[in-house]
Amino acid sequence: EAERGLVAEVLAALNLSAVRRGAAPRWRLADPSAHVGLEREVQGHSAASGDGLRTAADALDALAAGQVPERADALTGALALQTQCLHAPAPSRDLLDAAAGLDTLATGGTLDLDALGRERAARLAALVRQLVPAWQS
């Protein structure tokens with residue numbers, strides 16, 4: 001229960017709210033008027049965004065190795081990927097799936113991955129790592 005409170009505090013601090021539609025989580029701004037400010041903040045701190053994407057890739061690598069990433073890393077990664085999806089004109093299904101998987105772990109869920117699932121987690125980690133240079137330019 002305390003961990004869910006921490007997630008809510010982080011979301012509130014970032015002016016985001018969680019919205020679940022079906023099985024796939026989506027993040028949206030709690031106050032739509034704050035979108036412009038958040039967008040400027042994300043663009044102004046590209047290193048922080050790159051760090052979040054690297055954390056997401058590391059968490060996906062842990063899943064690929066059959067390990068469970070730290071919940072804080074899963075949360076950081078999920079938020080970074082959701083931010084990437086928010087700014088992409090048409091985010092890929094892979095990016096959405098990676099964000100949903102990390103969100104599941106961040107909110108206390110589990111992922112029981114077989115060999116194919118671990119292989120896909122490794123491919124998703126490589127895909128996320130390709131996004132890091134875009135944030136650092």
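## Close-up views of a predicted helical model

**View 1. The second largest pocket and its lining.** The second largest pocket is lined by L60, L63, D97, A98, G101, L111, L113, G117, R120, A121 and L124. Helices α3, α5 and α6 each give two or more residues to this lining, and α6 supplies the largest share, with four residues. The volume of this pocket is about 180 Å³. A pocket here is an open set of points on a 1 Å grid over the protein atoms alone, where a 1.4 Å probe fits and protein lies on both sides within 12 Å along at least five of seven lines; lining residues have an atom within 4 Å of a point. Grid points are joined across faces, edges and corners, and the volume is the space filled by probe spheres set on them.

Before moving on, a word on the model. This is a predicted model, in which local features need pLDDT of at least 70 and side-chain atom pairs count only at pLDDT 80 or more, while totals for chains, interfaces and linings use all residues. Residues are numbered from 1 along each chain as its sequence is written, and side-chain values use heavy atoms, with hydrogens and water left out.

**View 2. The whole protein, for orientation.** Six helices and two strands make up the secondary structure of the protein, and along the sequence they follow the pattern α-β-β-α-α-α-α-α. Helices (H or I, at least four residues) and strands (E, at least two) are DSSP runs, numbered from the N terminus. Of the 137 residues, 37% count as buried; buried means under 20% relative accessible area, exposed over 50%, and partly exposed in between (1.4 Å probe, protein chains only). The accessible surface comes to about 7,700 Å², and 54% of it belongs to carbon and sulfur atoms. These areas come from the Shrake-Rupley method with a 1.4 Å probe, and for residues only the protein chains shown count as cover. Among contacts (heavy atoms within 4.5 Å) between residues at least 6 apart in sequence, 66% join residues at least 24 apart.

**View 3. The largest nonpolar core.** Which residues touch the most other members of this core? They are L53, L60, L63, L81, L95, L102 and V128, out of 26 residues in the core. The elements that give two or more residues to this core are α3 (46-64), α4 (71-87), α5 (93-106) and α6 (115-136). A nonpolar core is a set of buried Ala, Val, Leu, Ile, Met, Phe, Trp, Tyr and Cys residues joined through side-chain atoms within 4.5 Å. Look for L102, which touches A56, A59, L60, L63, A74, G77, A78 and L81, not counting residues up to four places away in sequence. L53 sits in helix α3 and counts as buried because its relative accessibility is 0%. The C-alpha atoms of L53 and T83 are 9.8 Å apart in space, although these residues are 30 apart in sequence.

**View 4. Helix α5 and its neighbour α4.** Of the 14 residues of α5, 10 are buried, so this helix is largely enclosed by the rest of the structure. Among its buried residues are L95, L96, A98 and L105. From first C-alpha to last, α5 reaches 20 Å, close to the 20 Å expected at 1.5 Å a residue; the expected span is 1.5 Å times one less than the number of residues. The 17 residues of α4 should span 24 Å, and its end C-alpha atoms are indeed 24 Å apart. A99 of α5 is buried, with a relative accessible area of 0%. Beyond its neighbours within four places in sequence, A99 is in contact with A78, L81 and Q82, and those three are among the buried residues of α4. The C-alpha atoms of A99 and Q82 are separated by 6.2 Å. After α5 comes G108, whose phi is positive, near 95°.

**View 5. L113, in the loop between α5 and α6.** L113 lies in this loop and is partly exposed, at 29% relative accessibility. Leaving aside neighbours within four places in sequence, L113 is in contact with L63, R118 and A121. Between L113 and G66, 47 residues apart in sequence, the C-alpha atoms are 7.7 Å apart.

**View 6. R129 on helix α6.** Is R129, a residue of α6, buried or partly exposed? R129 is partly exposed, with a relative accessible area of 35%. R129 touches A57, D58 and D61, not counting residues up to four places away in sequence. R129 and A56 are 73 residues apart in sequence, with their C-alpha atoms 8.6 Å apart in space.
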